[in-house]
Structure formats: C-alpha cells, structure tokens
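Here is a quick walk through the model below. Have the sequence and the 3D view open while you read.

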Amino acid sequence: MVSIHRVKPSYSDVSKKKNYRDYKDSLKSDFSGCCGYCGSPDFVFGGKAGFQIDHFAPQDKFKHLENEYSNLIYSCPICNRGKSNKWPTDDPNIHTKDDEGFIHPCSLEYDDNLMRNRDGTIDANSDVGTYMIHVLKLYLFRHQVIWIREELRELIGQVKLRIDESSELGQKYNALTAAFYEYDEILRANIDKR
Ligand SMILES: [Zn+2]
C-alpha cells in the first residue's frame, strides 16, 4: 500500500491575495496538478478550469478563513461537492469528532488514515478515514481507473530507459510507447489553454 498522492502536496510561500480564487495557479503547482483528497490529476477533468478550490474548514462556517491559503485545497469537483460545507465541530482547528471529520491532505496524518492499494483502490485505516471515503466518494471506480492509467504511464517511462531499441521487440515497444505518449500528449498538452 502506498500514499494516495503520487507527490505529497505542501504549501509554498506565496504572496497574500484578497480573493481565494486568485490562488488557483499556486494551488495547482503546490498540489502537483492533483486533487488533494483523491489524488486524481486535473487533466482528466479538463485541466485547471475543471478543478475547484475547496475550503478545508468551510467558508460558510468560518468566513475569516475564506482567503487563508493554508485552508485552500486544490480539488476535483467530486471531492469538493461531496465535502461541501460538512464540518464536525464549531472550531476550525478541531477537524475530527468521534468517528467523523476530515484530515488535511498536506498533513502526514492523511497517510495514516487513508491509503492506496496496488490495484488503485483507496482504503481507510481509521473510522475517520472510512467517513472520508464515504463523504468524498473515494470508493468510486473512476479513482481506480485513473490511478492505473498513471501507473502504466510511469512503468512505460521506466522501461523505455532500458530497452534495446535495435531488437525487434524493442521496435515494437517503441511503437507502443510512441502511440501511448501521443495519446497522453493529446490529453495533457495545453489543456489549461483550451
Ligand atoms: Zn478528488
């Protein structure tokens, strides 16, 4: 089992902005273009435009945290909609109560509560983790499909470095990787400019 995220998200030092929406580019970069909760890359949702900004402690309940950078999560629409304005307490710093609540994706605690299996499915290691899987719909099949595709991409990239390109198998392999990366390029290239 591994972490939900391929690259652990963490906040860089960004200059203060008046509107949380102006942080989107910084969030995309700090979250490596992936949803903080489920780890899906944004290109499968149409790029940055298809992704949303989630308020970890909901802005409905904690207005003073609306533009606080460390309270913002780069989020896919499914996780953001699932989480909505749910929060287990009246205190933005108390994020769990009994068996319910949320763990901040940038914290190490996140990986203690939720994990990724080899087949791409997501499992909980705690009751709060189970609650998050339910609320954020981390059980959806699409999370597995997206993860497996990314795994294949990484594996192809690793083998490419070692293959003997002069052999017949090598040439077939090259044709396969060329097709894969051409397809991959269509999905990723300039997606935020469309
Ligand atoms: Zn997500």
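## A loop residue with positive phi

Let's start with D98, which sits in the loop between β3 and β4 (100-101). This is a predicted model, and D98 has a phi near 50°, a positive value in a residue other than glycine. Most residues other than glycine have a negative phi. Is D98 buried or exposed? D98 counts as exposed because there are 9 C-beta neighbours inside 10 Å, and the cut-off for that class is 12 or fewer.

S84 tells a similar story. Its place is the loop between α2 and β3 (96-97), and its phi is also near 50°, again positive in a residue other than glycine. S84 is exposed, since 11 other C-beta atoms lie within 10 Å.

## The chain as a whole

Stepping back, the chain holds six helices and six strands. Reading from the N terminus, the order of elements is α-β-β-α-β-β-α-β-β-α-α-α. The C-alpha atoms fill a box of roughly 65 × 35 × 25 Å along the principal axes.

How much of the chain is buried? Buried residues account for 26% of the 194 residues. As for contacts between residues at least 6 apart in sequence, 60% of them join residues at least 24 apart.

## Two domains

The domain assignment splits the chain into domain 1 (20-140) and domain 2 (144-193). Their centres, taken over C-alpha atoms, are separated by 30 Å. Where the two meet, 12 residues of domain 1 are in contact with nine residues of domain 2. On the domain 1 side, the touching residues comprise four nonpolar, five polar and three charged.

## The annotated HNH span and its strand pair

An unreviewed UniProt entry places the feature "domain: HNH" at residues 35-86. In the model, that span is 13% helix and 15% strand, and its end C-alpha atoms lie 18 Å apart.

Strands β1 (residues 52-55) and β2 run antiparallel, joined by four bridges. Which residue of β2 is the bridge partner of D54? That would be I73. Strand β2 (residues 72-75) is covered on both faces: L72 and Y74 are buried on one side, and I73 and S75 are buried on the other.

## The nonpolar core

The largest nonpolar core has 28 residues, and C35, C38, C79 and M132 touch the most other members. At least two residues of this core come from each of β2, α2 (77-83) and α4 (127-135).

C79 is a handy one to click on. Leaving out residues up to four places away in sequence, C79 touches C35, Y37, C38, D54 and L136. So, given those contacts, C79 meets both C35 and C38, which are listed with C79 among the core members that touch the most others.

## Y23, before the first helix

Y23 is in the segment before α1. Why does Y23 count as buried? Because 21 other C-beta atoms lie within 10 Å of its own, and the class starts at 20. Apart from neighbours within four places in sequence, the contacts of Y23 are V14, K17, Y69 and L72. Of these, L72 belongs to the covered strand β2 described above.

E68 is another residue to look at from here: Y23 and E68 are 45 residues apart in sequence, with 9.9 Å between their C-alpha atoms.

## A49 and the far end of the chain

A49 lies in the loop between α1 (24-30) and β1. A49 is partly exposed, because 13 other C-beta atoms are within 10 Å. Now find L187: A49 and L187 are 138 residues apart along the chain, while 14 Å separates their C-alpha atoms.

A189 is in the segment after α6 (168-188). With 10 C-beta neighbours inside 10 Å, A189 counts as exposed. Compare its position with T177: the two are 12 residues apart in sequence and 17 Å apart in space, C-alpha to C-alpha.

How values were computed. Residues are numbered from 1 along each chain as its sequence is written. This is a predicted model: local features need pLDDT of at least 70, side-chain atom pairs count only at pLDDT 80 or more; totals for chains, interfaces and linings use all residues. Domain bounds come from an automatic or database domain assignment. Two residues are in contact if their C-beta atoms, placed from the backbone, lie within 7 Å. Ala, Val, Leu, Ile, Met, Phe, Trp, Tyr, Cys and Pro count as nonpolar, Asp, Glu, Lys and Arg as charged, and the others, Gly among them, as polar. UniProt positions are given in the numbering used here, feature names are shortened, and annotations may be inferred rather than shown by experiment. Two strands pair if DSSP finds at least two bridges between them. A nonpolar core is a set of buried Ala, Val, Leu, Ile, Met, Phe, Trp, Tyr and Cys residues joined through C-beta atoms within 7 Å.
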